[in-house]
Amino acid sequence: MIIPKLHYISQGTSPKEHIENIQKACTSGAELVQLRLKDLSEKKILKLANEAREITSHFQTRLIINDYYKIAKAIKADGVHLGLTDACPTMARKELYNWQIIGGTANTLQDCELLLDKEIDYISLGPFRETTTKENLRPILGLKGYTAITDILKTPIPIIGVGGINIEDVEAILETGISGIAVSGSITRNFNSIRTFNQLLKASSTEEQPHSFKS
């Protein structure tokens, strides 16, 4: 399996809206969506993850579950995304199927290096700029921050930019050595933008990330 260059991170004012927006993203051509729900019981998240799995399976879209790796395993999602304060990727790896992928959040060069030691499949590096979808935001990286990290961090692992990214940012971000982007607000406001993002990322199947998963 190859990691797409565009990740849609679910957004909504209610759990139901998250699921509706995942449906819209899949309909609009998203190749990977991340279900990101906070402040709900695991039982409720499991139910919603199953709904998301039904939708993404229909569209052959990959589904990543944020934080809850046991739920990712239970519903046979394509993988899990772990934030800086979530479970350790090494521990999650022992629980997951060997074909499931693990992404990790990073804000600094040191974060990236620690993740590489833990055998993650992609790094989500951010925030690129201020964003309203996260509280307690870590230092903003911007283009300079991305360049400073990618210049030192030589790795075949895909590095995905995240945090307030808009269509106008894509070309400059790719020039820093970042290989893809994760987008929430900009896509939620206009699902038709997925096509434009994909065009800018040249995210056709022939030009996806060369990184292959462990079999």
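Reader: Why does Lys47 count as partly exposed?

Author: This is a predicted model, and the value is computed from it. Lys47 has a relative accessibility of 47%. Buried means under 20%, exposed means over 50%. The value 47% lies in between, so Lys47 counts as partly exposed.

Reader: And what makes Glu51 partly exposed?

Author: The relative accessibility of Glu51 is 27%. That is not under 20% and not over 50%, so Glu51 is partly exposed.

Reader: How do you know that the side chains of Lys47 and Glu51 meet in a salt bridge?

Author: The N to O distance is 2.9 Å. The cut-off is 4 Å, so the pair qualifies as a salt bridge. Both residues lie in helix H2 (residues 42-59). They are 4 residues apart, about one turn of the helix.

Reader: How many salt bridges does a search of the whole structure find?

Author: It finds 5. One of them joins the side chains of Asp121 and Arg93, at 3.0 Å from N to O. This pair links distant parts of the chain, 28 residues apart. Asp121 is in the loop between helix H5 (109-117) and strand E6 (122-125), and Arg93 is in helix H4.

Reader: Are Asp121 and Arg93 buried or exposed?

Author: Asp121 has 1% relative accessibility. Arg93 has 18%. Both values are under 20%, so both residues count as buried.

Reader: What makes Asp169 and Arg129 a salt bridge?

Author: Their closest N and O atoms are 2.7 Å apart. That is within 4 Å, so the pair is a salt bridge.

Reader: Which parts of the chain does the pair link?

Author: Asp169 is in the loop between strand E7 (159-162) and H7, and Arg129 is in the loop between E6 and H6. The two are 40 residues apart. Asp169 is buried at 11% relative accessible area. Arg129 is partly exposed at 30%.

Reader: Why does Asp86 have no salt bridge?

Author: The nearest side chain of opposite charge is Lys38, 4.6 Å away. The cut-off is 4 Å, so Lys38 does not qualify. Asp86 is nevertheless buried. It is found in the loop between strand E4 (79-82) and helix H4 (89-95).

Reader: What lies 2.6 Å from a polar atom of the Asp86 side chain?

Author: The backbone nitrogen of Gly83 does. Beyond four places in sequence, Asp86 touches Asn66, Asp67 and His81.

Reader: Why is Ile149 called buried?

Author: Its relative accessible area is 6%. That is under 20%, so Ile149 is buried. The residue sits in helix H6 (residues 142-152). Leaving aside neighbours within four places, its contacts include Leu109, Cys112, Leu125 and Leu141.

Reader: Which residues of helix H9 are buried?

Author: In H9 (residues 193-201) they are Ser193, Ile194, Phe197, Asn198 and Leu201. They cover an arc of only 140° around the axis, so they are on the same side of H9.

Reader: What covers these buried residues of H9?

Author: The cover includes strand E1 (6-9), helix H1 (15-27) and helix H7 (170-175). Strand E8 (180-183) and helix H8 (185-189) are also among the covering elements.

Reader: Which exposed residues does the face turned away carry?

Author: Arg195 and Gln199. Just after H9, Lys202 takes a positive phi of about 50°.

How values were computed. Residues are numbered from 1 along each chain as its sequence is written. This is a predicted model: local features need pLDDT of at least 70, side-chain atom pairs count only at pLDDT 80 or more; totals for chains, interfaces and linings use all residues. Side-chain values use heavy atoms; hydrogens and water are left out. Buried means under 20% relative accessible area, exposed over 50%, partly exposed in between (1.4 Å probe, protein chains only). Lys and Arg count as positive and Asp and Glu as negative; His and the chain ends are not counted. A polar contact is a pair of N or O atoms within 3.5 Å; within protein, one must be able to donate a hydrogen and the other to accept it, and residues adjacent in sequence count only if both atoms are side-chain atoms. Contact means heavy atoms within 4.5 Å. The arc is that of the directions from the helix axis to the C-beta atoms.
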